[in-house]
Amino acid sequence: MTLSLRATYRIQFHKDYTLYDAILLVPYLKKLGISHIYASPLLASASGSLHGYDTISWDFIDPERGGEEGLLALVETLRAHDMGLILDIVPNHMTTNPQNAWWQDVLQHGRGSQYAYYFDIDWSVSAEQETHKIILPFLEKLLGDILEDQKIRVSYQEDTRSFAITYEDKIFPLAPESLSYDQKEFFTDRFNPETVEGKSNLRALLQKQHYQLVWWQNAGDLLNWRRFFDVTALIALRMERPDVFARTHAYVFDLYRRGLIDGLRIDHVDGLLRPAQYCQDLVQALDTLTPERPENLRNAPYIFVEKILSSGEHLPENWPVSGTTGYDFLEQASLLLHHSLGEEKLNAVWAQLGPHPYDKVMRVARDEKLNSSFHKMFQDLTQSLTECFPPEQDITPHAVACVLREVLLAFPVYRTYFSETDLNEESRAYLSAACEHAKKTLPVHLIPLLMALKSLLSQASEPGSGGKSFQDMFVHLTAPLVAKSGEDTAFYRYDRLLSRNEVGTDPALFSKGIEAFHQTNLSRLASHPQAMLCTATHDHKRGEDGRARLTVLSEPEANWTEVVALWFEKNKALHTQGSADSPVSKADEFFFYQTLISAWPVDTGELSGLPKRLETYLTKALRERGLKTSWADPDTGYEESCQQFVGQLLKTSFVKDLTAFVDCISPAAALNSLTQVILRFTVPGVPDLYQGREGWDFSLVDPDNRRPVDYSRLRKDLEGDSSLATLASSWRDGRIKQYLLCKLLKLRENYPQLFIKPRYEAVTVKGELADHVVAFQCVSEDMKMLVIATRFGLSLSMDDALRSHAKGWGATHLSLPEGEDSGEWKSILWGNTFKNSSAFGLDYFYGAVPFDVLIASR
């Protein structure tokens, strides 16, 4: 009997929560109903890393996380409980930390290093270089100033038994040819930066290296190697090279062969040059090893790709993967739960406070990034495209840059993908859409050039052509450009309703109807029935239950625009208590109110830790926004004004107003949260549960969403035997969410046929409250499941026990398919039984918690 994948549980491993710690968690996860732990990266990473995405070696499990011994011990425990392990790997980049031996070897030997072509480095000589040097933008000032400050030194490294250049916590190896025997004898004195001669010798020594140290502010202008997004601590790998693929994955494949892992999660697959080829090679390698695995573990490997799908976008058909990591389900559920009637009023309010619409905000952010973080990538692509035209056509770099910029500003997805000779059909449509948009803004005389560039960008690069093609440069630019200008910039600027600003979502959209929800489920079932489904991750902007609470603000009955107008008036005096030169903007104030609503604890006894959490969060949010302050140019005066404003809010009577408002919308918010749970664990796909989110999640962006989990409390809660009705009365303690998860996970375990390629049927709802009800059936050969979830709780007259007293339930019913008389339905949540009928009435929802999951034999 092989181990089937039912549900994953994401764990963030680090030095303070190791593989050995997780062993103690396995019995709890088994009882909860989880089939696989979904581990954050475990390969060796920089010392002290709390996330593991800064890989230093592909050859062993990180000792701080427990090493291979810890992995063996954890897997032994998992197998004893019939559970498995999915491993997160990072094929698109490694860290530039000195602990990365491959990177240090490249710095020491330059193009002569055996690893020189493992990394995506442009080895050509630019105008700013004397020879083939790697630009290292790690200096806090210009090099001359750093030398004057005596911060660069030559020191002996005990671990490598060699001399190196040191700057703060960074270590740069010396090229062997830059040293002479005499220098080795008198190293300390010869390069002493405190003397004129030593400083001169040090400068001369730096010029002999295979790298060039420069000011970090010049990274976007000078950098000649590709980063992960714009993070200079992470350098891209050339995973499209067969030798790099084989070398990096050898140990991972051995873990799979030995039965220590059952599948992989591929981080940021769009960072790979050839993602289709990568996925195909990966699956082929794993399939080849499957017969060597333990006999009971020879099912096909599970491969999940971290991929942001834009609205209407699908995974390419030639990617042989199980599916995405689930951001698309997060978006699907979010659009379903937002009320369309709230959009117009929220648009009007936000238009008076900040930039609107979202497309304009995104465009401005992209333009900024092209002029800063990605300036050199843009210029290199421009030059490469210009060289495609014969001299007699008089096509200038400036003209190409003008056209290319407009295409990039309008590009609707992360990147394009190629078939054998040109773009695949979907990518061709996206490129065409961007070019059509560019037509509207470009002068007429540049339209022919636009069409020429469109044609060039539609052609696949020729294999073995040498160097980096413009097609490669284009896809390597669009993905980080869209990501950094979107989720890391525009998401913080466009604050119409923050529940729509989440990784994987499109803030330009506000809501979608029930029919769209069903269609998405049908599409996923047809293409990737084992795709992950998530509503919380280690990267989310705010917790799933905080978003569910903000979602209520879209409902007309929330009167949010009226409430916030009163708050603006009440708190206007607080603007004068900060810096007179840096008054808090009303757009930021609007952002702060939503942040407080989303993070406000259900138990006010937990308020003590909130101010410190908010302080860290606000600094990050304001700098990511990049308007009044930024990471590159922080305005501490404005940041202090904002911190004081929020701090004062928490010391005034406004706290009572905020608490009263949160209490008012909380039953409807809790219904949103539980609806998310029900849908995630019943629709086609594999539900993923982020660590600790079986309880309420009102976290903020990392590091707040990676705080330690109180597993002792969660274990104790799971041991309870309260009924769902009782837990609904005390829903604030979070046990109802865990109970619901457990019930649905046990359903998946007991009736797997309902979740492995079932027939999915949307159920029509008729009557007074039809728009509040989302219902569907999953049908197998011998069983069927009926799921009934509700939305828009404010108008369902919810009481504090989550019971609905809306009078319309008696006039609302489901229209089930006729001709399948199965006797009766049994509720797996409440224990009730119902006679099977094609007209399934919802009158029993009156005075009760309005959701249900039922099963029946066929």
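**Exercise 1. Disulfides**

Work out how many disulfides this predicted model has, and check where Cys-534 stands.

*Solution.* Start with what to look for: a disulfide is a covalent bond between the sulfur atoms of two cysteines. To count here, a pair of cysteine sulfur atoms has to lie within 2.5 Å. Go through the model with that rule and the count comes to 0 disulfides. Now take Cys-534 as a test case: its nearest cysteine sulfur belongs to Cys-279 and sits 18 Å away, and Cys-534 is in no disulfide. While you're there, look at accessibility. Cys-534 has a relative accessible area of 1%, so it is buried. Cys-642 is buried too, at 0%.

**Exercise 2. Two glutamines**

Decide for Gln-104 and Gln-530 whether each is buried, partly exposed or exposed, and list what each one touches.

*Solution.* Take Gln-104 to begin with. You'll find Gln-104 in helix 4, which covers residues 101–109. Its relative accessible area is 13%, and buried means under 20%, so Gln-104 is buried. Skip the neighbours within four places in sequence, and the contacts of Gln-104 are Pro-98, Ile-171 and Pro-173.

Next, Gln-530. Gln-530 sits in the loop between helix 20 and strand 15. With a relative accessible area of 34%, Gln-530 is partly exposed. Leave out the neighbours within four places again, and Gln-530 touches Tyr-302, Phe-304, Ser-322 and Val-686. For a sense of scale, go from Gln-530 to Ile-165: that's 365 residues along the sequence and 50 Å through space, C-alpha to C-alpha.

**Exercise 3. A covered helix**

Find out how many residues of helix 12 are buried, and which elements they pack against.

*Solution.* Helix 12 runs over residues 327–337. Go along it and you'll collect Tyr-327, Phe-329, Leu-330, Glu-331, Gln-332, Ala-333, Ser-334, Leu-335, Leu-336 and Leu-337 as buried. That makes 10 of its 11 residues, so the helix is mostly covered. Then ask what does the covering. The buried residues pack against several elements, among them helix 20 (514–527), helix 21 (544–551) and helix 26 (654–680). Strands join in as well, including strand 12 (263–266), strand 15 (532–533) and strand 19 (773–779).

**Exercise 4. Tracing a sheet**

Put the strands of the open sheet that holds strand 17 in order, then find its edges and the helix that packs on it.

*Solution.* Read the order across the sheet: 17-19-20-25-22-23, which is 6 strands with antiparallel pairing. The edges are strand 17 (759–762) and strand 23 (833–835), each paired on one side only. On average, neighbouring strands are turned by 25° against each other, ignoring direction. Zoom in on one pair: strand 17 and strand 19 run antiparallel and are joined by 4 bridges. In that pairing, Glu-761 has Gln-777 of strand 19 as its bridge partner. Finally, helix 26 packs on the sheet, touching strand 19, strand 20 (783–790) and strand 25 (852–857). The direction of helix 26 makes about 160° with that of strand 20.

**Exercise 5. The nonpolar cores**

Locate the largest nonpolar core and say which residues have the most contacts inside it.

*Solution.* The largest core has 162 residues, and Phe-119 and Leu-814 have the most contacts inside it. Helix 11 (residues 275–289) gives the most to this core, with 8 residues. Now look around Phe-119: beyond its close neighbours in sequence, its contacts include Met-94, Trp-102, Trp-103, Val-106 and Ile-235. There's also a second, separate core of 53 residues, and Trp-560, Val-563, Val-655 and Ala-669 are among them.

Definitions and conventions: Residues numbered from 1 in each chain as written. Predicted model: local features only at pLDDT ≥ 70, side-chain atom pairs only at ≥ 80, totals over all residues. Heavy atoms only, no water. Helix = DSSP H or I, 4+ residues; strand = E, 2+ residues; numbered from the N terminus. Buried < 20%, exposed > 50% of the residue type's maximum accessible area, 1.4 Å probe, protein only. Contact = heavy atoms within 4.5 Å. Pairing = 2+ DSSP bridges. Axes fitted to C-alpha atoms, helices over the stretch in contact; angles between N-to-C directions. Core = buried A, V, L, I, M, F, W, Y, C linked by side-chain atoms within 4.5 Å.
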